[in-house]
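Subject: Structure for you to look at

Hello,

I am passing on the structure we discussed. Please have a look at it before reading my notes underneath.

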Amino acid sequence: MGENEPRAASAAQPDKKMAYHKVNADQRAQGHSPYLDNDELQATALDLEWDMEKELEEPGFDHFRLDSSAQQHLGNSQSPDLDLEPIQPSSSPKGRFQRLQEDPDYISHYTRQAPKSNRCSFFRILKVFCTALILFIFGIVIGYYARKKCPSPPTSQEPNNPQIYHKILKEIKAENIKQIYRDLLEFSREDDAELAMKILGQWRSQGLEDVRLVNYSVLLDLPGPSSNTVTLQSSGECFYPSGQRCSRDPKTLDSQDLLYSYAAYSAKGTLEAELVDVQYGTMDDLIRIQAVTNVTKKIALLKLGQSPLLYKLSLLEDAGFGGALVYTDPCDLPKTAELADKAFMVSLNSGGDPSTPGYASIDGSYRQNRLNLTTLLVQPISALLARKLVSLPEDTAQKERCTPLQLPAAGKKTISLNIQSVTTYRTISNVIGYLKGAVFPDRYVIIGSHHSSLKGYGGQGWASSTAVITALLQALVPELKRGWRPDRTLLFCSWGGTALGNVGSYEWAEDLRSVLQRNAVAYISLHNPVTGNSTLRPVASPSLQQLAAENSSFLSEALFPVHATKTEELDPSFSLHETIAKLTGQVTLQIASDPVLPFNALDIALEVQNSLKGDEAGVPQLLAVASRLRDTAELFQSDEMRPANDPEERAPVRVRMLNDVLQGLEKSFLLHQAPPGLYRNILYRLDDRTSQFSVLLEALEHCKRHQSNETVQAALSEVLNSINSAQVYFKAGLDVFETALAGKK
C-alpha cells in the first residue's frame, strides 16, 4: 500500500474512530457479515493498515513535532517590551550578562546582584535535582496506573510460533469429536433451516460470538411421489433403480432409498428406446459405437469413472442420445465395498441455483425457467440391475478375477425409462461464523463443512465434517480468551444444499463475489473428512502442494445410501477424525497466521511445465512462455519471498505487498467458462493419472470427432494467454518491489 492512500482514507473520514466500526454499525440485510461489506471494506482496509504503520513510527516522534511547532510559534511572536537591537556574540568566558556588567557605561536595572558564591550554586543545583527527581517519580506513578487501567491491545504472536500451535492442536481430542458427532445426529433432519439454527447455537455455545444465518430461496429438484422405474419391454419386468422388482407394497413404495435413487435436474418423462452400451462414454467409445449404430434418441448404458459425469453426458447429448442409465462397475470399486445391490443419486447441477446462473438468488433476482439442466433422461442404477440388463449371472463379480460388465454384441434390448422428479423452490440456510484477525482482518481464510445431505444419502459425512470443524473451533477458544488471535480473519462455514450441486456455497460466493475476489486467501474443505481407514488423500491447489498432496476420483460423484453406524464402523475410536482435525488445524493456522502466506510461486511454474507434455502443434510455443514464467517465478521466490521469511529483514509494508501478490497467483489460470464437468482453473488435473491440461485434452477429444482443429487452437490460445498473464503478473510484482525499494533509498 502506498502512503498516500491511507492518508486519503483517514482524511476522508475524520469523524470515525475506525472504519471497521463504521462497517459494523451499518444496517445490512439479514445474514450479511459486518466484515464483508461491499461499500466500506476498502476504506476499512486502508484505515487499519494506516493504524498499523503508525505503530511502527519512532517513539516520541509526535511529541517532537508538537514541541517544535510550539517553539516555532514562540520564535515568531512579537512583544512590545522586547529590545530588538542586534547583540554581538560574546567572546568572554564569563558570558554575555557578566560582560555587560563590567562595561563602564552599563547601568543595572536590578537591585539584586547575580549570585556568585559556590554555596548559592550548590543550592541551585540541589533545587533542580530535587525537582527533576520529583517529576521522575511522579511520571513513574502516572505511567504505572495508566498501564494498569488501559492495557495495550494484544499484539500478533511470533510467526510460526510452535508453542501456540501446539497448545491449540493439543485441545483437539477424539472423545470430544465423538461427542459432538453424536449430538449432531440427534438433530432433526426434516428441515435444513432448523438444522442450521442448531449448528449456529452450538457454535455460539463454543465461544464464537459472531455467527450468522444466511438464507437463499433456490430451485431444487427433489424425488417425486414414487420411485423411478426401468422396464424390460421383452419380458415386461419392471425394476426399481436398486434392482428390486416393482411392488405395490406400501413399505416398498415409501422407501427413502428408492425415492432418492435419482439424478437431480434430469429431464422428466418416459422414454422407450434401445439400450446401447457405451462403456465409459469416452470420445473413442462414442466414435466406435456411432460407426455401426444410429444412436439418436436411444438410451446409453454408461459407467462412472475416467472422466467427469457432466462432461460425458454432454458428449451423449451432443451425439443425439435421449437418455442414460448410469452405474458403477463392481471392478472399479474396492473389494470390501458392498455396493453392488445399491442404487445411488447424482446431481447434474454444476453449482448454485440453476434459475439464477452467475448471480445470487436474493430477493428481486430474475428467475430463469431452467427446470432441467439436460435434455437427457438420466437414471442411476445399481450394478445388480446393470448385470440383469446385460444378462450376466449375478455371481460373476464374485470370482477371484473381476470381469467388467459389457452388453453382448448380439441381441438388442429395449427398455422403458420413467423419471418423475419434481422441481420446487425451497429455502436453504448457510451458517457463517467470523473470527476477526488481529493484523489483517480484511483477509479471509475460509473453512467449510456442510450440513445438507439427502435423507439417508451420503452417509453421515455431514455430521463428521461439522464435528471436525466444531472441534477445531472448540480448540481455538482457550487461546482466544488469553488474548491470542490469528493474523487473518477465519470464516467457519456450514453449507446447505450441498448434495444437489453445492447450492448454498455457490449462492453465498455469488452474493459476495467482489469481496471474496479481493479478500479471500484460501478455502479449506471438510466435505467428507473420513471415507475410509487406509490412506490420507488431501487435495490442494498447486501453490499449496507443499501443504498437501493432490488426488481425485470421479467415482465420488455417486452418492450411496449409508446407514448411520457406517462412520463409527470406519472409525470407532474417532482417532481418524482427530488426525484430520489436527491436520486441518495445522494448515489453517499456518495460512491464517504466517506473516508470509505459505504459497509457492515456483510450484505453479513447475506444474505448468509438467502439464505441457506432448508433441501437439503449439506446445513448443507454450513451453517457451512457460520457461519465461519459471525464470520469473524463481527470481520472485529468491528476491522477495526468502528475505520476507527472515524476521530480521522483514518489513511490514513489503510483506503486505508480497502477500497481495501471492494471494492472486492462480487467478491468471481461471477460464471464463470451462467445458461441462471441468474445473475453471486449468491447473487442476482431472485425476492423478492425467498430466496434461484438462482443457487441452478436451479439445483434442473434440477434434477426434469433428475432424477440425479450431477447438484445439482456441484451447491452445487460452492456455498461452493464461501462462503469459501469470508471467506478466509475477513481473509486475517484481517491478512494484523494485520501485518501492528505489523510493525508499
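The notes below go from the whole chain to its helix packing and then to its cysteines.

Please keep in mind that this is a predicted model.

The chain as a whole

The chain contains 24 helices and 14 strands. It has 745 residues, of which 45% count as buried. The exposed surface of the chain comes to about 39400 Å², and 52% of that is supplied by carbon and sulfur atoms. As for contacts, I looked at those between residues at least 6 apart in sequence: 79% of them join residues at least 24 apart.

Helix packing

Two helix pairs are described here, and helix 15 takes part in both.

The first pair to look at is helix 15, residues 461–481, with helix 19, residues 575–593. Their axes lie 10 Å apart and the angle between them is about 55°. An angle of about 55° falls outside the ranges for roughly parallel, antiparallel and perpendicular, so helix 15 and helix 19 are oblique to each other. The crossing of these two helices is right-handed. On the side of helix 15, the residues that meet helix 19 are S464, V468, L472 and L476. Their counterparts in helix 19 are H577, A581, T584, G585, T588 and L589.

The other pair is helix 7, residues 162–170, with helix 15. Here the axes come within 7 Å and cross at roughly 130°. Helix 7 and helix 15 are also classed as oblique to each other, and their crossing is right-handed. Helix 7 contributes I164, K167 and I168 to the contact, while helix 15 contributes A475, L476 and E479. L476 of helix 15 is thus listed in the contact with helix 19 and in the contact with helix 7.

Cysteines

How many disulfides does the model have? The count is one. It links C238 to C246, with an S to S distance of 1.9 Å. The cut-off for a disulfide is 2.5 Å between the sulfur atoms, so this pair qualifies. The angle about the S-S bond is -60°, and the link is left-handed.

Are the two linked cysteines buried or exposed? Both fall in between: C238 is partly exposed at 22% relative accessible area, and C246 is partly exposed at 28%.

I also noted two further cysteines. C493 is buried, with a relative accessible area of 0%. C703 is partly exposed, at 22%.

Regards

Key
Residues are numbered from 1 along each chain as its sequence is written. This is a predicted model: local features need pLDDT of at least 70, side-chain atom pairs count only at pLDDT 80 or more; totals for chains, interfaces and linings use all residues. Side-chain values use heavy atoms; hydrogens and water are left out. Buried means under 20% relative accessible area, exposed over 50%, partly exposed in between (1.4 Å probe, protein chains only). Helices (H or I, at least four residues) and strands (E, at least two) are DSSP runs, numbered from the N terminus. Contact means heavy atoms within 4.5 Å. Accessible areas come from the Shrake-Rupley method with a 1.4 Å probe; for residues, only the protein chains shown count as cover. Axes are lines fitted to C-alpha atoms, for helices over the stretch in contact, and angles run from 0 to 180 degrees between N-to-C directions. Angles under 35 degrees count as roughly parallel, over 145 as roughly antiparallel, 65 to 115 as roughly perpendicular and the rest as oblique. A crossing is left-handed if the near helix is turned anticlockwise from the far one by less than a right angle, and right-handed if clockwise.
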